[in-house]
Every structure is written in C-alpha cells, then in structure tokens.
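Grab a coffee and work through these exercises with the model open beside you. Each one sets a task and then walks through a solution.

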Amino acid sequence: MLSRALEPSRPAVMPPVVLCDRQGYTQRLYPDRRVIPFDLDILGRRLPLAISYAQGPVILADLVPMARTLSDVLTGQLRVTLEGFDRSASCRVGCAHCCYYLVPVSPAEAFHLERKIRTLPPPQQRAIVGVFRMAGRRLLKRLPEYQLQHADTDRSAERLQRLSDWYASLHLACPFLVNNLCVIYNLRPLACREYWVTSAPDCCRIDGKTPPTLAPLPVRIAEVLTDVCAELEGESEPVLLPVALPFAESQPERCRRTWPAHVAVERFLDVLLHHAHRNSMADREGFCATDAATP
Ligand code: SF4
Ligand code: SF4
C-alpha cells in the first residue's frame, strides 16, 4: 500500500527531488535519476523508503516537496501503528487551538512558499500577499516590545522558546486560519503537519492546564530541514510564518543559490538519520530510566 502511494503518476515535469518507492517504478520511468534507499523505524516497524533526484543543481526550495511527502508518510504510518495500540490522534477538522502558537519555518520552506504564491492566479496572489502584509505588520508592531524585554544574548534554542512564549501571550491567530480552518492546508508548514496530539484538544489551549501529549514521531522533518539549511548555508535560523513572505522576497539571491543535487540530498539524509538515531537513543534511555525506577 505504501509503495503504491509513492508510485509516481507520470507528472509532466518530475520535481528535482522526490521521495520514491523501493519497487523500481521511479527508476523504470526516469532511468537518468539517482535513487538513495534508507530505512526509518516507527515504533519498532521498519519503513523502507528512498529519495530520487535528478543530477544537476538544486535550490533549497527543491527539498520541500520531498520533505513534505516524507513527513506525511511518517505521520500516516504512525497513525496506523498507534491505532494498533488502541491510541489515536485527537486532531479533527475545525479544531484550531494549535493555530495560536508560533509556527517556525525553515528558510527552504519560506523560499518555497514565495515561489508557490508567485505561481497563483493574480487575484489569489493579491489575497495571500495581503494576508501576509497584515500579519507581518501586526507582529512587527509588537516585536520591539519583545526585543526590549529580551535584549540579552540567549542560546538559539532558548531564544526560540522565549519568542514562542511571547508570541503565545499575544493570542494572535495564524493569518491562514479562517473560520477555524486552514486555508493553505495542502501547503501548510512542516511544523503544522507534525503537530498532532493524542491528548484531549483542550490541552492544546494556550491557557490549557495540562500540557498536550505529542504523537511520538521518530523524527521531525521540520527540524531536519532547518538543520539541513543551516549546514548548507553555513548560518541560518527558523523564520516566523507571518513574516516568511517578506523574508524570502528580501533575499532573491539567497532564494536562487544552488548546490549540486547529490550534495543537498546526501546532507538531508545524513541529518535525517542522525536525528532518528539520536531520538531513538533518547527514547531508549528514557525507557531504561523508567524501567530502573520501577520497584
Ligand atoms: S493539535 Fe490540538 S488543537 Fe490542534 S488539531 Fe490537534 S487536538 Fe486540535
Ligand atoms: S498554517 Fe494552517 S495549520 Fe498552520 S497554524 Fe496556520 S492555520 Fe494552522
């Protein structure tokens, strides 16, 4: 079933980097592409996957469609596996407490979003650009307040956490939330795709009394892609979704910077497998600690 889901449907133009099957469909359809196989473990179940890419230069945005498919495959498989343990996600259409939190996106996602918006018909383009302008203005108006309060030099992870807490205190809905529905659902950021919980929806409220229980993904592709961007560019940090469009528009050269495809894909896989290994070690240590603490 998984390999059928990944079977390419002969698109007129195949994206430069895609997640593909291990059955050879992609190789038969596109013999000039290179394929790198890899495995991921989901709660003890091995998931055989592969990345196919065209040889030549790629930009950071070219990694995004593959990263999204990988994220959707992982979350889909995890849902199925959790159901086998009688656990399921609480996330439902119209449930949107999580859309009041800060959504960080990697530079690759910001550049990809900008390219996607530019391909929309002009009326839609104008509408989305307008939404971004309004959200950006709303945020920037409040930002100096935050900077004054936190003018110290935090480590990046701490800074992101503080920024996240500050953002939550503003109670601003995501600019793409309309009538409690995400209007860019198919294009929503990796951070949104990977934020789903097994606890009650009320735990996701900003003023919730109990913290939510996040689904145990073996690896978060949002974090992987942010680290890949940092390694390829030599410096980088997550961008806030409401200012992602002006961020991308202000750096056309950075948007167009290229790397040989094999360099970008091999870096992505290195970071992905490193995160997966690190997370599985942390889970094992947590499990052993719980075990040791059991009388
Ligand atoms: S993460 Fe929480 S608020 Fe968001 S859809 Fe799921 S249950 Fe609802
Ligand atoms: S992009 Fe969509 S899913 Fe993500 S926070 Fe905004 S409205 Fe919610």
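**Exercise 1: two asparagines in a loop**

Does Asn180 count as buried or exposed, going by its C-beta neighbours inside 10 Å? Then look at Asn179 and work out what is unusual about the backbone of both residues.

*Solution.* Keep in mind that you're looking at a predicted model. Start with the count: Asn180 has 12 C-beta neighbours inside 10 Å. The cut-off for exposed is 12 or fewer, so Asn180 counts as exposed. Next, Asn179 has 7 other C-beta atoms within 10 Å, so it is exposed too. Now place them: Asn179 sits in the loop between β6 (177–178) and β7 (181–182), and Asn180 belongs to the loop between β6 and β7 as well. Finally, check the backbone. Phi is positive at Asn179, about 50°, and also at Asn180, about 65°. Neither Asn179 nor Asn180 is a glycine. That's worth a second look, because most residues other than glycine have a negative phi.

**Exercise 2: build the sheet**

Work out the strand order of the open three-stranded sheet, and say which strands are at its edges.

*Solution.* Take the pairs one at a time. β1 and β3 (residues 45–53) run antiparallel and are joined by four bridges; in that pair, Val17 has Tyr53 of β3 as its bridge partner. β2 and β3 are also antiparallel, with nine bridges between them, and here Leu40 stands opposite Leu47 of β3. Put the pairs together and you get the order β1-β3-β2. The edges are β1 (17–20) and β2 (34–42), each of which pairs on one side only. On average, neighbouring strands in this sheet are turned by 25° against each other, direction ignored. What packs on the sheet? Helix α3 (residues 64–84) does, touching β1, β2 and β3, and its direction makes about 20° with that of β1.

Don't skip the turn: β2 and β3 form a hairpin with two residues between them, and Leu43 in that turn has a positive phi of about 45°.

**Exercise 3: into the core**

Find the residues with the most contacts inside the largest nonpolar core, then trace what Leu63 touches.

*Solution.* This core has 56 residues, and Val17, Leu63, Leu225 and Ala244 have the most contacts inside it. Leaving out residues up to four places away in sequence, Leu63 touches Val17, Ala108, Leu225, Val228, Ala264 and Phe268.

Now move to Ile221, in helix α8 (residues 221–233). Is Ile221 buried or exposed? Ile221 has 27 C-beta neighbours inside 10 Å, so it counts as buried. Beyond four places in sequence, its contacts are Ala67, Leu70, Ser71, Leu190 and Glu194. Glu194 lies 27 residues away from Ile221 along the chain, with 8.0 Å between their C-alpha atoms.

**Exercise 4: two ligand shells**

Sort the residues around each ligand into nonpolar, polar and charged.

*Solution.* Start with ligand 1, whose surroundings are Ser90, Cys91, Cys95, His97, Cys98, Tyr195, Trp196, Val197, Pro201 and Cys204. That shell splits into eight nonpolar, two polar and no charged residues. Around ligand 2 you'll find Cys99, Val103, Cys174, Phe176, Leu177, Cys182, Ile184, Arg188, Pro189 and Cys192. This time the tally is nine nonpolar, no polar and one charged.

Conventions. Residues numbered from 1 in each chain as written. Chains lettered and ligands numbered in written order. Predicted model: local features only at pLDDT ≥ 70, side-chain atom pairs only at ≥ 80, totals over all residues. Core = buried A, V, L, I, M, F, W, Y, C linked by C-beta atoms within 7 Å. Buried ≥ 20, exposed ≤ 12 C-beta atoms within 10 Å, placed from the backbone. Contact = placed C-beta atoms within 7 Å. Near = placed C-beta within 6 Å. Nonpolar A, V, L, I, M, F, W, Y, C, P; charged D, E, K, R; others polar. Pairing = 2+ DSSP bridges. Axes fitted to C-alpha atoms, helices over the stretch in contact; angles between N-to-C directions.
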